[in-house]
Amino acid sequence: MIRLLSAGLLGLFALMATAAPLDPAQDYHSVSNPHQVRTTHLDLDLTVDFTKRELAGHVIFDFERLDTNARELVLDTRDITVIATSARIDGKWQKTGFKLGKLDPAMGQPLRIALPPAADKIKVQYRTSPQASGLQWLTPVQTAGKKHPFLFTQAQAIHARSFIPLQDTPQVRTTYTATLRTPKALRAVMSAENTPNAPKTGVYTFKMPQAIPSYLIALAVGDLEFKAMGERTGVYAEPSMVESAVAEFEDTEAMLIATEKAYGPYSWGRYDLLILPPSFPFGGMENPRLSFITPTVIAGDKSLVSLIAHELAHSWSGNTVTNATWRDLWLNEGHTTYLTYRIMEIIYGTDRFNMESVLGYQDLVADLKDLPKPYQQLAIDLRGKDPDDAFSDVPYEKGALLLKELEDKVGREAFDAYLKQYIADFEFKSLTTEQWLAYVDKHLVSKYPKQVSMARIKQWVYEAGIPEGAPMPQSDAFTKVDNQRDQWLAGELPAAKIDVKDWTVHQWLYFLNNLPLELSLDQMRALDDQFNLTASRNNEIAHSWLLIAIRNGYEPAYQRLEDYLVHIGRRKLITPLYKALMHTDSGAAFAKRIYKVARPGYHPLAQGTMDAIVQP
Ligand code: BES
Ligand code: ZN
């Protein structure tokens, strides 16, 4: 009921908002006032309380006054309790007034703090709520070790405001320092300079010397160990996960070196991975210096490591060159997806590049089928909407495909040179889609007017779907799979004779994802008996198989499905499964029963997504 009401309100806001012309430079998802007073540094001091499920302490801001008449600092908050605010004047802290404004369902609540003309710092004492959308508090049972609790943050897109009151817009960049106070048995890490083997004292300090947008502020606390992989790369994970993670991701250092060679120096010092428990709602999150990674990609054969290439690539596209608003997310994700493919080709060769490109393209085509037209544009009008609701393959794969088209037209060498310059020119800056268009015009289109045109590029950006004549990835390795599958489906080849000897995980995914929607029970059994798909330990293969099992009511897979849904909280893997279950009465009953058990273990974001599907 509450969800219905808020959905209705959101719709109303959307209607009201779309009437006015859109200002591309305005971040419609922040109520803060950086154009008057812009924060430049923040210093955090927080105590992590697992019993109360709260962070409590303070944040102190340095700021610049862009408007000398400004008399308040306005911050974004959501579900935060403000205890007191103070201003530093001539080195002394004095209480200053504050007011929490009206709650907006999409944005949260503005915190207006009176700013005395002589103040040079502002302090906010606060605590978070157990429901904070950017925090997940895990009980020991939800971790690998089962002994200690775990906490992690996920700030992108607009959840930083649920654990720090701040100017929560990618147009503001701040450096930060932090002190985290934790139970003694645990280690805290942040998207900052970490001290890998710092003694476990329960007090940890951090410094992030590069200015970053708020959505990249991150912390995690748990029973964490560190192991180096290379000179600049390493893994933080629970003790039982460290070895397998290091083995899986050992090519990270090579990826880092290859990306630097192609697109310019890595700006962030170290690049480490933090392996989270399986409830992490994303595959990965590019928190600077320390990407947060789902354990569901530890497959034992490096088959799913493109995720690491992706999060690493964000160190160039996203973390250095940043989207100005959430409408421009495709600048982050499209460039990063393009770079991911390129990194994968350098490290693992062209066959893998081709296979991953085809799978990405197929995901996009599948997504476009169900997506309303406005969400099929690269630049999406999100006024009045929660940016999380616009999440799809469009900013990723359609964005990357546009860049691939430009590459094809001007040639790889010229396009790489252009990209390298783009990254250098916008280092540590935010930019809008329209600024990007102006840049492409000047640095690519005007140089290659016969090969590329602004009209074509604008079609990609502002129109729905994939423009006609777009590049279409191909893979010879998949043609072989097509042959085998077609013969099997035609009854010309028994399952036992399908030649899977040298199939890679990607070929399996392609085989499964391109089966007809309906299979007979005999066909399902034949595949499962022959290839043990229900028991697959590769989480992507299991996902594709379970989806087929649901569509065809294949009961022998249902126990595995139950374990999968209860154990894994990664949205991309579980959302399609719940959606498919809801198509039949018996599936819906199954989904509701499992969801009751699984829901408490899901992240607030995943709970929100699944609530809307399963309606418990
Ligand atoms: N930055 C994203 C995750 C994200 C995007 C969170 C938008 C919130 C809002 C991250 O880099 C990402 O894209 N993760 C993907 C994996 C990738 C290999 C496509 C994911 O989690 O599935
Ligand atoms: Zn990404």
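Biologist: Is Asp90 buried or exposed in this structure?

Modeller: The model is predicted, so every value quoted here is computed from its coordinates. A residue counts as exposed when its relative accessible area is over 50%. The relative accessible area of Asp90 is 73%. Asp90 is therefore exposed.

Biologist: Where along the chain does Asp90 lie, and what is its phi?

Modeller: Asp90 lies in the loop between β4 and β5 (92-95). Although Asp90 is not a glycine, its phi is positive, at about 50°.

Biologist: Arg289 is also not a glycine; what is its phi?

Modeller: Arg289 is found in the loop between β18 and β19 (290-293). The phi of Arg289 is positive, with a value of about 70°.

Biologist: Is Arg289 buried or exposed?

Modeller: The limit for a buried residue is under 20% relative accessible area. Arg289 has 9% relative accessibility, so it counts as buried.

Biologist: In which element does Thr85 lie, and what is its relative accessible area?

Modeller: Thr85 belongs to strand β4 (residues 81-89). Thr85 counts as buried because its relative accessible area is 1%.

Biologist: Which backbone oxygen does the side chain of Thr85 reach, and at what distance?

Modeller: Leaving out residues up to four places away in sequence, Thr85 touches several residues, including Gln94, Lys95, Thr96 and Gly97. With one of these, Thr96, the side chain of Thr85 makes an approach to the backbone oxygen. The partner and distance are thus those of the backbone oxygen of Thr96, at 2.6 Å.

Biologist: With which side chain does the side chain of Lys121 make a polar contact?

Modeller: Lys121 is found in strand β8 (residues 121-127), and at 19% relative accessibility it counts as buried. Leaving aside neighbours within four places in sequence, its contacts include Ile60, Phe61, Asp62 and Trp93. The polar contact of the Lys121 side chain, at 2.7 Å, is with the side chain of Asp62.

Biologist: How many Å separate Lys121 and Trp93 in space, C-alpha to C-alpha?

Modeller: Trp93 is among the residues in contact with Lys121. In sequence, Lys121 and Trp93 are 28 residues apart. In space, C-alpha to C-alpha, the distance is 8.8 Å.

Biologist: Which protein residues are the donors of the zinc ion (ligand 2)?

Modeller: Along the chain, the donors follow the spacing H-x3-H-x18-E. They lie 2.0 to 2.1 Å from the zinc ion. The donors are His310 (NE2), His314 (NE2) and Glu333 (OE).

Biologist: Which helices hold His310 and Glu333?

Modeller: His310 and Glu333 link distant parts of the chain, being 23 residues apart. The helices are α4 (residues 306-313) for His310 and α5 (residues 329-348) for Glu333.

Biologist: Are His310 and Glu333 buried or exposed?

Modeller: The relative accessibility of His310 is 11%, so His310 counts as buried. Glu333 has 2% relative accessibility, so Glu333 also counts as buried.

Biologist: At what distance from an oxygen atom of ligand 1 does a polar side-chain atom of Tyr396 lie?

Modeller: His310 and Glu333, donors of the zinc ion, also approach ligand 1. A polar side-chain atom of His310 lies 3.1 Å from an oxygen atom of ligand 1, and an N or O atom in the side chain of Glu333 is 3.0 Å from a nitrogen atom of ligand 1. For a polar side-chain atom of Tyr396 and an oxygen atom of ligand 1, the value is 2.6 Å.

Biologist: How much of the area that ligand 1 exposes when taken alone does the protein bury?

Modeller: Taken alone, ligand 1 exposes 520 Å². The part of this area that the protein buries is 88%.

Biologist: Which element gives the most to the shell around ligand 1?

Modeller: The shell residues divide into 5 nonpolar, 6 polar and 3 charged. Both β18 (284-285) and α4 supply at least two residues of the shell. The element that gives the most, with 3 residues, is α4.

Biologist: Which residue does a cis peptide bond join to Gln156?

Modeller: Gln156 is one of the residues that come nearest to ligand 1. At the cis bond, omega is about 0°. The partner lies in the loop between β10 (150-153) and β11 (173-181), and it is Ala157.

Biologist: In which helix is Ile574, and is it buried or exposed?

Modeller: Ile574 has its place in helix α16 (residues 571-581). Its relative accessibility is 0%, so Ile574 counts as buried.

Conventions
Residues are numbered from 1 along each chain as its sequence is written. Chains are lettered from A and ligands numbered from 1 in the order in which they are written. This is a predicted model: local features need pLDDT of at least 70, side-chain atom pairs count only at pLDDT 80 or more; totals for chains, interfaces and linings use all residues. Side-chain values use heavy atoms; hydrogens and water are left out. Donors are N, O and S atoms within 2.8 Å of the metal (3.2 Å for Na, K and Ca); water is not among the atoms, so sites may look incomplete. Helices (H or I, at least four residues) and strands (E, at least two) are DSSP runs, numbered from the N terminus. Buried means under 20% relative accessible area, exposed over 50%, partly exposed in between (1.4 Å probe, protein chains only). A residue is near a molecule or strand if one of its heavy atoms lies within 4 Å of it. A polar contact is a pair of N or O atoms within 3.5 Å; within protein, one must be able to donate a hydrogen and the other to accept it, and residues adjacent in sequence count only if both atoms are side-chain atoms. Accessible areas come from the Shrake-Rupley method with a 1.4 Å probe; for residues, only the protein chains shown count as cover. Ala, Val, Leu, Ile, Met, Phe, Trp, Tyr, Cys and Pro count as nonpolar, Asp, Glu, Lys and Arg as charged, and the others, Gly among them, as polar. Contact means heavy atoms within 4.5 Å.
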